[in-house]
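Here is a friendly walk through one protein model, with the structure open beside the text. Please keep the viewer at hand while you read.

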Amino acid sequence: MKHVISAALLLAAATAAHGAVTLFDFESEAERKAAPRRFAHDRTICVTNAFATSGQYALYFKSGPWRKGLDEWPSFNLDSSVKDWRGYDRLVIDLVSIGEGNDSLSTFICPPVGRVQNGLNAHTTLPARGYSQWVIPLRNWPKTCKPDNVGRVHLFLSNPRDVRVFIDRVTLLKKGEPLPVPDGPCVGRDILPFLSKAAAEATAAKSEFEAARAHLRAYCNFREACLKAGQDTTKMCVGLASSMVKVLPRGDAIPAVAATEATVRLARNERESVQVVVAPGDRDLENVRVRVSDLRHADGTVFPAANVACDVVGYVHTVRKAPYRIGCWNATNAAPGWVRATTNAPVGWWPDPILNFLDGVKVADTDAQSFWIRVHCPENQRAGVYAGTLTVSADGVAPYNIPFRVRVNDFAVPKKSPLPMAITFAPGPSAQFATPEEQALNARLLKDPEYPGNLWRKHELEWGDFLADYYITMDSLYHSGQIHWDVLARLKQQGRLDRFNLGYWHYFTGGAEAEAKWRNTKVKQLKEAYAKAKELGILDHAYVYGCDEIATNWFGNIRRCVEILKEELPGVPVSTTAYDHEFGVGTPLDVMDWFTPLTPKFDPEKAAKSRAAGHQVWWYICCGPHAPQANMFIECPAIEGRILMGAETTRQRPEGFLYYQITIWNSPRCITSGPFTDWDPRSWTRYHGDGSWTCVGPDGKPLPTVRLENFRDGLEDFAYALELERKLKARTGGSQLVATATDDAWTRKAKELLAVPGDVMQSMTQFTGDPAAVLRWRDAMADLIETP
């Protein structure tokens, strides 16, 4: 049943909820923990942040087609917090179905104990990819269930075909009360059918006007700052911004200062960046570009301009409201006094791909165009300060020169990641939760030779080198034998090879016959990869990953599989993201080698116990966590990726990082122009950038993103911490990182920095948004490392 709601009814619904009682909306942590949860190939029940009609969360219920051997009536219970339902005449349940529809969803509203069939029965038919409100009249109660003794809402399917439904805002209404209307921030345009067309258009127009006015204000402030710095702002405005901020071309702020002098400090082998921001004066700018001179030391030593890239930042356009909120801070990002909160991500143009194939670009109207200035220090570069010039030019405008200083630290960061990685590179479109139309489009894309997911193969070795530049080895968590052996051998020769997976494995069910079949298929494939890795001399880099996010009820099956793998693949660590939050201590998975919880589930004390028992504890992110935790969606502040891989990793000390995919590419074509691109920012389901940290340039060549740059920069911050820790241990002769009364000033300072200062990070949800704080911490570590 589709709803068209007038503005008057919206107002009435917002103000008239006197007797209504919301039994379940899954917004509180306690309610989410109590919600049913099941993960299997054919059945899923879990709380998610997609398609909520109230707040941010809904309960997702998925069931594939029924077949022999499966439950004919998939079901679950919701325990009612209200026992006495007398006085209520309706139960209303919001349903958002993304399946084919026509499946029946049924309920028994029943007592706390006893047969569910004793309850009040009702049925509804799920819509095809749409929204409905299931209104259940609370009358004709059976003798076996009285309305003053309700304990459960039992929901079930009958011989399902394609059920994918999000359940939200289960509400009791009294007579005369209006039906609740969708108000969830995560629903976005998928829910617009419930608003009147006029109301929707008025809301959109008001939003666009306010956004344009906010951007004009930001442009004027930026132009005034440049004028005060002595620039001829009638021609061009030039600023500088940290690599840890995202400069939206038409945002409500331009986080840049007038360009006077640009500085970068980095170690040998390191890459570090700064942004040059350009906006037009009284007229549009044509052919805007940034160039760099050679930089020179006082003694004449040259830092070649070839080691400094000056690339155009490109933009992708989001068209749907994101199914998540993003992190923000109060009036100032700087300590003391900053508080991290969350806000809705605006729809529009976002900086992401770095367009290294472009030269000059047009900058029009009041747009703010960013250029990514990336410095790469050779491993043999002499330490010291080098001076040169960044030159911003445009047709018909006098060039603007920015003094540019690069300071090279007297130590190096490693060639390969300082933190072990397990990251999937498997180009393709988003398949999970795809509609039939999307499935058909995906099938066409995969057959299209011009699709980026096919074109990249022409440059496989180049992609391998590119990923290694960002501390990522070309690998996949989920493959069944498709290993890039040539790339791995090349990285081994370069000294940049990290971990790689021999293949994905899933537990078997059944007895000896099932085990024999599993050995003859999966174990056989893994043993073949094992032999190849041994032949290439890279077996010491191998691991095997399996049982992705599996619940505890399958731990017995998993244990048997791990025992077999250890027998057949000696010396190869076995890894999982199965939900063992004790990390193998006192659980059936004590045979596992590596445990990988989601970052909010990482417990340093439990990890220490697991480590003492011989395990490793990694961590991961994916479509979660959401703000205020750190993540790397397109709309997330750029600093979050750097904080996650640098400060948070330094304090929490996971032993590795896992990520499920960096190449979900839904765009049918490569990026060939810019800065405003037609690259589709949609990645996994309706997320923007989750599972997609890379883009594809002309002819299938790799393009980095602002997010990928900050990911690597965070790992380099962690490399500083490891180098400082190494030096601390060498000076003190031990591994004690806790400050003591006998510590000298250097030792005391080193321990403070390794604990991560409070102005950088207070907790996993409270950390700075100020790039200067991160650089102070990093530079202070560098100073101590360089101290004799």
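## Aromatic pairs

Across the whole of this predicted model, a search turns up 33 aromatic pairs. One of them joins F61 and F76 in an edge-to-face arrangement, with 4.9 Å between the centres and 90° between the planes. This pair connects distant parts of the chain, since F61 belongs to strand β4 (residues 58-63) and F76 to strand β5, 15 residues apart. Are these two rings buried or exposed? Both F61 and F76 are buried.

Another edge-to-face pair is made by Y478 and Y545, whose centres lie 6.1 Å apart with 80° between the planes. Y478 sits in the loop between α6 (460-469) and α7 (485-494), while Y545 is in strand β29 (residues 542-546), so the pair ties together parts that are 67 residues apart in sequence. The two tyrosines can be told apart by their surroundings. Y478 has a relative accessible area of 33% and is therefore partly exposed, falling between the 20% and 50% cut-offs. Y545 has a relative accessible area of 0%, which means that Y545 counts as buried, the limit being under 20%.

## A cluster and two charges over rings

Ring pairs also build a cluster, and it is worth selecting its members together in your viewer: F425, W456, W463, F466, Y470, W665 and W679 are linked in this way.

Two arginines are worth a look as well. R32 lies over the face of Y57, 4.2 Å from the ring centre. R731 places its charged end over the ring of W746, at 4.0 Å from the centre of that ring.

## The sheet with β5

The strand that holds F76, β5, also belongs to an open sheet of 4 strands, arranged in the order β5-β10-β7-β8 with antiparallel pairing. Which strands form the edges? They are β5 (75-79) and β8 (120-125), each of which pairs on one side only. From one strand to the next, the twist averages 20°.

Inside this sheet, β7 (residues 104-110) and β10 (residues 152-157) run antiparallel and are joined by 6 bridges. To find a point of register, look at I109, whose bridge partner in β10 is V153.

## Strand β9 and its partner

Strand β9 (residues 130-137) is mostly covered, with 6 of its 8 residues buried. Strand β6 (residues 90-97) runs antiparallel to β9, and 8 bridges join the two. Along this pairing, V92 stands opposite V135 in β9.

## Strand β12 between pairings

Why is strand β12 described as largely enclosed by the rest of the structure? The reason lies in its burial: β12 spans residues 236-242, and 6 of these 7 residues are buried, so the strand is largely enclosed.

How many bridges does β12 make with strand β15? There are 7, and β12 pairs with β15 (residues 271-280) in the antiparallel sense. Among the matched positions, S242 has V274 as its bridge partner in β15. With strand β13 (residues 257-258), β12 pairs over 2 bridges, again in the antiparallel sense. Here L240 is the residue to follow, and its bridge partner in β13 is V257.

Methods: Residues numbered from 1 in each chain as written. Predicted model: local features only at pLDDT ≥ 70, side-chain atom pairs only at ≥ 80, totals over all residues. Heavy atoms only, no water. Buried < 20%, exposed > 50% of the residue type's maximum accessible area, 1.4 Å probe, protein only. Pairing = 2+ DSSP bridges. Axes fitted to C-alpha atoms, helices over the stretch in contact; angles between N-to-C directions. Phe/Tyr/Trp six-rings, centres within 6.5 Å; stacked < 30°, edge-to-face > 60°. Lys NZ or Arg CZ within 6 Å of the ring centre and 35° of its normal.
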